[in-house]
Amino acid sequence: MTEILVCDDDLLQARSLSKTVKLAGEFLAEDYGQSVSVSAMGSPQEALAYVADRQVQRGIYFLDIEFAKSEMDGLDLAEELLRLDPQGQIVFVTTHSELALQTFQRRIGTLDYIVKNADLDSLQERVVATLRLALERLTRLNLVKKQTFTYKVGRQLRNINTDDVYYVVTTPFPHKLQLVAKNLRAEFVGNLKQLDQECDFLLKISQSCLINPKNIAEIDLRTRTITLFDGEKLKYARSCGRQLRELKQN
């Protein structure tokens with residue numbers, strides 16, 4: 001599900017544009033295999049609260065430039081949204097075409113700049129084209145995410161290719177896990193159960209260990225032992241025997 005927000009201090013215009021965006025999203029949904037949820041907001045504060053509360057990531061934001069009833073304008077809003085959602089896609093929809101240059105001066109990564117006074121057919125075509133581009137970008141970002149394992153050490157986020165991950169195991173310290181990968185051992189804060197739910201590429205072999213099946217060299221069903229390509233051996237729980245047996249057969 002891709003979240004799309006339309007924000008304009010003229011709520012009627014926001015709702016009108018959101019209908020156009022929703023129709024475009026439904027039209028493109030089959031091409032990109034993902035549905036969209038479209039919400040109309042009447043103020044920057046409302047939009048920011050929505051994104052923060054729902055922890056929206058990789059959203060698409062159609063924003064007016066000027067908000068007469070707020071000290072925050074559309075450029076300020078875009079910057080704040082990108083702090084909350086760094087990979088969000090920003091689209092400005094406004095009558096003020098002369099302000100387009102400011103988006104470049106303030107280094108706001110804008111996907112498109114749509115002028116409101118275009119006729120309805122032109123507006124619909126532009127929204128479809130812009131939304132298609134946004135969904136293409138998000139699809140590529142999601143693919144990169146699936147190929148990357150991200151973990152946090154201190155305040156730093158670190159990324160490695162999922163193929164390089166051997167396994168993740170609990171440590172004697174609460175909420176701390178150990179990552180074992182190609183030429184790497186690192187400890188990071190995490191929850192194994194949550195990791196099991198979030199990382200489809202990892203397979204649970206015990207209450208304390210998740211393993212990457214791509215790096216299994218051999219499975220010994222008699223001793224319940226897994227040998228990795230680097231020669232390391234791991235024990236798996238009896239309760240996981242069935243899925244390891246199926247993995248060995250396949």
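Biologist: Which element gives the largest share of the lining of the second largest pocket?

Modeller: Bear in mind that this is a predicted model. The second largest pocket has a volume of about 210 Å³, and 15 residues line it. The elements giving two or more residues to that lining are β1, α1, β3 and α5 (120-146). The largest share, 5 residues, comes from α1.

Biologist: And which residues lie nearest the centre of the second largest pocket?

Modeller: Helix α1 covers residues 11-32, and α5 covers 120-146, both being among the elements that line this pocket. Of the 15 lining residues, the ones nearest the centre are Gln-13, Ser-16, Leu-17, Lys-116 and Leu-123.

Biologist: OK, on to the sheet. What is the order of the strands in the open sheet of 5 strands?

Modeller: Start from the outside: the edge strands are β2 (36-41) and β5 (110-115), each pairing on one side only. Strand β1 (residues 2-7) pairs with β2 in the parallel sense over 6 bridges. From one strand to the next, the twist averages 15°. With parallel pairing, the order reads β2-β1-β3-β4-β5.

Biologist: Which residue in β2 is the bridge partner of Val-6?

Modeller: Val-6 falls in the run of β1, residues 2-7, which has 6 bridges to β2. The partner has to sit in β2, at 36-41. That partner is Ala-40.

Biologist: What lies across those strands, and at what angle does α1 run to β2?

Modeller: Helix α2 (residues 44-54) lies across β1, β2 and β3, at about 165° to β1. Helix α1 lies across β1, β2, β3 (60-63) and β4 (89-94). Its angle to β2 is about 170°.

Biologist: Why do the buried residues of α2 line one face of the helix?

Modeller: The buried ones are Pro-44, Ala-47, Leu-48, Tyr-50 and Val-51. Looking down the axis of α2, they line one face because they fall within an arc of 160°. They pack against β1, β2, β3 and α3 (74-84). So the answer to your "why" is that arc of 160°.

Biologist: Which residue just after α2 takes a positive phi?

Modeller: Helix α2 runs over residues 44-54, so to speak the place to look is right past its end. The phi there is about 50°, and the residue is Gln-55.

Biologist: Last one: how many residues does the hairpin use to join β11 to β12?

Modeller: Strand β11 spans residues 203-206 and β12 spans 209-211, and they pair in the antiparallel sense over 3 bridges. Lys-204 stands opposite Leu-210 in β12. The hairpin joins the two strands through 2 residues.

Notes: Residues are numbered from 1 along each chain as its sequence is written. This is a predicted model: local features need pLDDT of at least 70, side-chain atom pairs count only at pLDDT 80 or more; totals for chains, interfaces and linings use all residues. Side-chain values use heavy atoms; hydrogens and water are left out. Two strands pair if DSSP finds at least two bridges between them. Helices (H or I, at least four residues) and strands (E, at least two) are DSSP runs, numbered from the N terminus. Axes are lines fitted to C-alpha atoms, for helices over the stretch in contact, and angles run from 0 to 180 degrees between N-to-C directions. Contact means heavy atoms within 4.5 Å. Buried means under 20% relative accessible area, exposed over 50%, partly exposed in between (1.4 Å probe, protein chains only). The arc is that of the directions from the helix axis to the C-beta atoms. On a 1 Å grid over the protein atoms alone, a cavity is a set of points where a 1.4 Å probe fits but cannot get out, and a pocket is an open set with protein on both sides within 12 Å along at least five of seven lines; lining residues have an atom within 4 Å of a point. Grid points are joined across faces, edges and corners, and a volume is the space filled by probe spheres set on the points.
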